[in-house]
Structures are given as C-alpha cells and as structure tokens.
Amino acid sequence: MLYYLFEYFDKTLDLPGTGVFQYITFRSALAFMLSLLLSTIYGKRVINFLRRQQVGETVRELGLAGQNEKAGTPTMGGLIIIFATLIPVLLFARLHNIYIVLLIVTTLWMGSIGFVDDYIKIFKKDKQGLKGIFKVIGQVGLGIIVGAVLYFNPAVTVRTDTGRTDVFKTAVNSTVIVPAGVEEKSTATTIPFVKNNEFDYAEVLSFMGDGYEKWAWLVFIPVVIFIITAVSNGANLTDGIDGLAAGTSAISVLALGIFTFVSGNIIFSNYLNIMYIPNSGEMTVFISAFVGALIGFLWYNSYPASVFMGDTGSLTIGGIIAVLAIAVRKEILIVLFCGIFLAESASVIIQVTYFKYTKKRFGEGRRIFLMSPLHHHYQKKGYHESKIVTRFWIVAVMLAILSIITLKLR
C-alpha cells in the first residue's frame, strides 16, 4: 500500500526521495526490519494472549529428557510468523504482482489448515488434530491453485535469449549491454550442476507427437502438488524441538532469496547465465519479510521456548518455501537447501517401513533409529536440544551455500 502511495508522490507530485520506493532492495530492507520489529515487540503480546486463552501444548510421553517441562507452553505461535510477514508485504510489495498474490494466498491457505489442526488438538482435546485426509486435501487444493496459476496466467513467463542486444542504464548511470529476448510461457525448470541446465516438463509428453506442449499441465500441476505436500509435511516433522524448524527454515529461505533476486534481475541473470523470470524479483520483498518474521519468532522459540509455532506455523513455512522454489524454477534444488526437511521425512519413512517389514517377516517390529524424526534419535542418544539444533543449523548453512554455488558450478 505504501508502495502505491509513494509511487503517486513520485510520479504526480515529484516529491524528492519518494522514487526510492521503486527499488526492490530498499523495500526489502524495510520489510525485513518491520517484520523483525513486529515479531519481537508484538510477539510477546500474542504469547500472552495465547496463554490467557489457555492455548497450551499437550505433551505426549515419549521418554525424552526435559519433555515434561514443556507442558502448557503456548502453541499456535505460527500466528506471529504469519502477521509479521503479511503486514510488511501489504505495505511494501507491489500487490498486483502475480507472485506476491500467490504467496499471500499460500500463507493464508496453509495457515488456516494449520490453525484448524491446532484448534482441534487444543480445544477439542483430540491429540490427532485434523484428520490426515483433510490435511492432504488442503495441500492438494493449494497445489492445484498454484500449479494452474503458474501454468495458465499470462504474467508468468520466462525469457529466452536471441542474438539481439538491449542497452540498460543502471542506478549509477553506467551502461550495461545484455542479450535481448522474448518472454514466453514455459514449464522449464533448472537442473543443478549441469551445463545447459534447463529441463522442460513438457518433454515428458514428447511421445504424444505434435502439439504435446499444450498438455504439459498434466505433468506440471501434479509435480507442484507433490512438492507442496512433501515440503509442508517435511517442515511439520522438523518442528519438534525448540528453534529447529524456524532456524533451518530461515537459512533455507535466505538461500531462496538470493535465487529470487538474481533470477528477477535481467543484469544479474545475464551475468550468471541463468533463466530470467520477469517480475519474480518482487518476491524478494516477501522473502525479506518472511525471514525477519522467522528470526523474530526465534527470539521466543529458542531454548527454552516461550511459545511453539504449532502446525499453524510449520505447515505455513513448508508451503511458502515450496511455492517460492517452484516460482523461481529451483524446485529440484529443494533436496539441497531443504536437506534438513528431507532427512527428517526420510527418517520417518525408513523407520516405519523397516518396522512394518520386520514385524511381518520376524513377527517383531525392529527399528533403525532410536526414535524418529531424526532429531528425536539424537535426543535419545543423550544430546541436549540446543546442541542438536545448533548442529542442524550448521548443516543447513552448508547445504544453503552448496545450493547457491550451483549458480556458477556446472
């Protein structure tokens, strides 16, 4: 909203200094600072409100050290992340940008699913929360919306280079010459560590003969559904000890922010020889607000936690990360910068599968891990929560850096 106000001041009234709001970097910095302030200053008020409403965590007896001390800690803290993200976005982003619209819808959609789940657990005293089938339906529904918009909306394009060149003036008045190109609809994505690293989902249907490209949505939309479901569930599984999900997510989103900024900037994308995605750079404003909200939430969620994010936060985080990765054509890199989510999900799948297999074969279920998800395995081994979280953060930083160097390492 402030973006449009200052745009009016700049173009109509020609007020000095108002033109600075045209710069994504400036608005991103403001969004980050405001979200950080909102989550740290007003986060305490949200926590006090949740405590007054007796929105306390019911802890299952898992035999983990320090577990009983967490009973009664307010949950639904994901509300802090949501409002601290959306308020700066509404103030500083270009709200007519299709990517911003999608991210706002994702935040509200996944936040609502998580909120209902937490509400049932707390106020209906049902530890299972929202039935799994309804969660999946919600995730699939969002996947269909996001996939359909990204595929059919004419504002979602990529640029293909031609032999012509365009001349651009930078902010410091220097001249930059970059290849010209045409914007077109495409289902292409990026394959890391490979030269000429673009893969088009439409190619899967090439066996259909001429005109197969128009059926690419049959592949693209199911892929989007799978990614959103997998990443949101991965984030949900990672939210098990104080500060783990929020910290690792902030690191992953920072890496995504770099990809988003360079992919949406014609000069940087040309220099790095990567896919240029028009209008996608605006997502940097959303990412900045989101990172600020996550860091601010850590103020209260770090050990010992004063509040838990609950499914309200974890499902929202996973959904946002998935949509960001898909929109910037870096969904294959999710296995790197979301490696912690992947490890947590894989540990559960491996544990359950092996338990069922051994029970069927030997009559007694056996386990590979002491407990899953993976962070509970290390708790069972005697590691303190803070040590586990810090080491997972370090691994997340390493994975984020590895994903970023794919920009040049091919």
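Which residues touch the most other members of the largest nonpolar core? Ile321 and Phe337 do, in a core of 104 residues. A nonpolar core here is a set of buried Ala, Val, Leu, Ile, Met, Phe, Trp, Tyr and Cys residues joined through side-chain atoms within 4.5 Å. Helix 9 gives the most to this core, with 12 residues.

A quick word on the source: this is a predicted model, where local features need pLDDT of at least 70 and side-chain atom pairs count only at pLDDT 80 or more, while totals for chains, interfaces and linings use all residues. Residues are numbered from 1 along each chain as its sequence is written, and side-chain values use heavy atoms, with hydrogens and water left out.

Back to helix 9, residues 283-301. Helices are DSSP runs of H or I, at least four residues long, numbered from the N terminus. Of the 19 residues in helix 9, 17 are buried, buried meaning under 20% relative accessible area, exposed over 50% and partly exposed in between (1.4 Å probe, protein chains only). Its length checks out too: at 1.5 Å a residue it should span 27 Å, and its end C-alpha atoms are 26 Å apart, which agrees. That expected span is 1.5 Å times one less than the number of residues.

As for Phe337, its contacts (heavy atoms within 4.5 Å) include Ile321, Leu256, Leu399 and Lys330, not counting residues up to four places away in sequence.

Now for three residues in their settings:

| Residue | Location | Relative accessible area |
|---|---|---|
| Threonine 107 | helix 4 (residues 98-123) | 1%, buried |
| Valine 46 | helix 2 (residues 24-52) | 17%, buried |
| Isoleucine 405 | segment after helix 14 (385-404) | 39%, partly exposed |

Setting aside neighbours within four places in sequence, threonine 107 is in contact with Ile82, Leu86, Phe286, Thr316 and Ile320. Its C-alpha atom and that of alanine 289 are separated by 12 Å, with the two positions 182 residues apart along the chain. Valine 46, on the same terms, is in contact with Ile80 and Phe83. The C-alpha atoms of valine 46 and methionine 76, 30 residues apart along the chain, are separated by 9.6 Å.

Isoleucine 405 also helps make a nonpolar surface patch of about 550 Å², along with Phe193, Val194, Val397, Ile401, Leu402 and Leu409. Patch residues have over 30% relative accessible area and no salt bridge, and nonpolar side chains (Val, Leu, Ile, Met, Phe, Trp, Tyr) are joined within 5 Å, like charges within 9 Å. A salt bridge is a side-chain nitrogen of Lys or Arg within 4 Å of a carboxyl oxygen of Asp or Glu.

Conventions
Accessible areas come from the Shrake-Rupley method with a 1.4 Å probe; for residues, only the protein chains shown count as cover. Helices (H or I, at least four residues) and strands (E, at least two) are DSSP runs, numbered from the N terminus.
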